[in-house]
Amino acid sequence: MWISEPATAKIHVEKPGIEAVALSAKTQYGIVALIELAAIYEQGSVLQVAEIAQRQGIPDRYLEQMLTSLRRSQILRSIRGPRGGYQLARPPAEIQLLQVVTALEGEPQTRSGSERASAEFDVLSALEQRLEASRRSILEETSVQDLLDQRDSSLRPRRCTSSEGSAGGLRCA
């Protein structure tokens, strides 16, 4: 028996109360578009904004703004003409998510000292700094190729067999 994983893989890292670690909707949409473009990078093909927008349910004009920012940051290149569109400017393994996030959100704002001076707020400030450092490290270590590979593995059908000795259980690999 073959079991297919869901056809769409969503990137969602948002957790209630940890907004500094979450990716904005704008950045999520930009990354999803880059994954689409990474999938066709080897063929040298292009995708038009409308194609990506329709597949991912993103408003065209909003996506166009994000892709323009990514082009200005030299992550994408645009090809003009009736068969034009966008393609990655370099291999997906060479595009770090930190570059993408910076292109779409700008450099993270560093907060000046807490207006509330107490040991408790100092501890909280230190926690926020550690969270931001961890976020930055993860984004530096993760490439668009990594996300494409994760997406592809989640879409791959898995081979399932009946587990011997268990009451109708399945074991999938």
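Start by selecting E140, which is partly exposed, with a relative accessible area of 36%. Keep in mind as you look around that this is a predicted model.

Now add R136 to the selection. R136 is also partly exposed, at 35% relative accessibility. Show both side chains and you will find a salt bridge between E140 and R136, at 3.8 Å from N to O. To see how the pair is placed, colour helix α5, residues 119-141: E140 and R136 both sit in this helix, 4 residues apart, or about one turn.

Next, go to a group of three. E36, E51 and R55 are joined into one network by salt bridges that share partners. Which helix holds both E51 and R55? Select helix α2: the two residues lie there 4 residues apart, about one turn of the helix. Their salt bridge has its closest N and O atoms 3.8 Å apart.

Stay on R55 and bring in E36. The side chains of E36 and R55 form a salt bridge too, at 2.8 Å from N to O. This pair links distant parts of the chain: E36 belongs to helix α1 (residues 25-39) and R55 to helix α2 (residues 49-56), with their positions 19 residues apart in numbering.

Before moving on, switch on a surface. Is E36 buried or exposed? E36 counts as buried because its relative accessibility is 9%, and the cut-off for buried is under 20%. R55 is partly exposed, with a relative accessible area of 47%, and E51 is partly exposed as well, at 32%.

To finish, display every salt bridge in the model: the structure holds 6.

How values were computed
Residues numbered from 1 in each chain as written. Predicted model: local features only at pLDDT ≥ 70, side-chain atom pairs only at ≥ 80, totals over all residues. Heavy atoms only, no water. Salt bridge = Lys/Arg side-chain N within 4 Å of Asp/Glu carboxyl O. Buried < 20%, exposed > 50% of the residue type's maximum accessible area, 1.4 Å probe, protein only.
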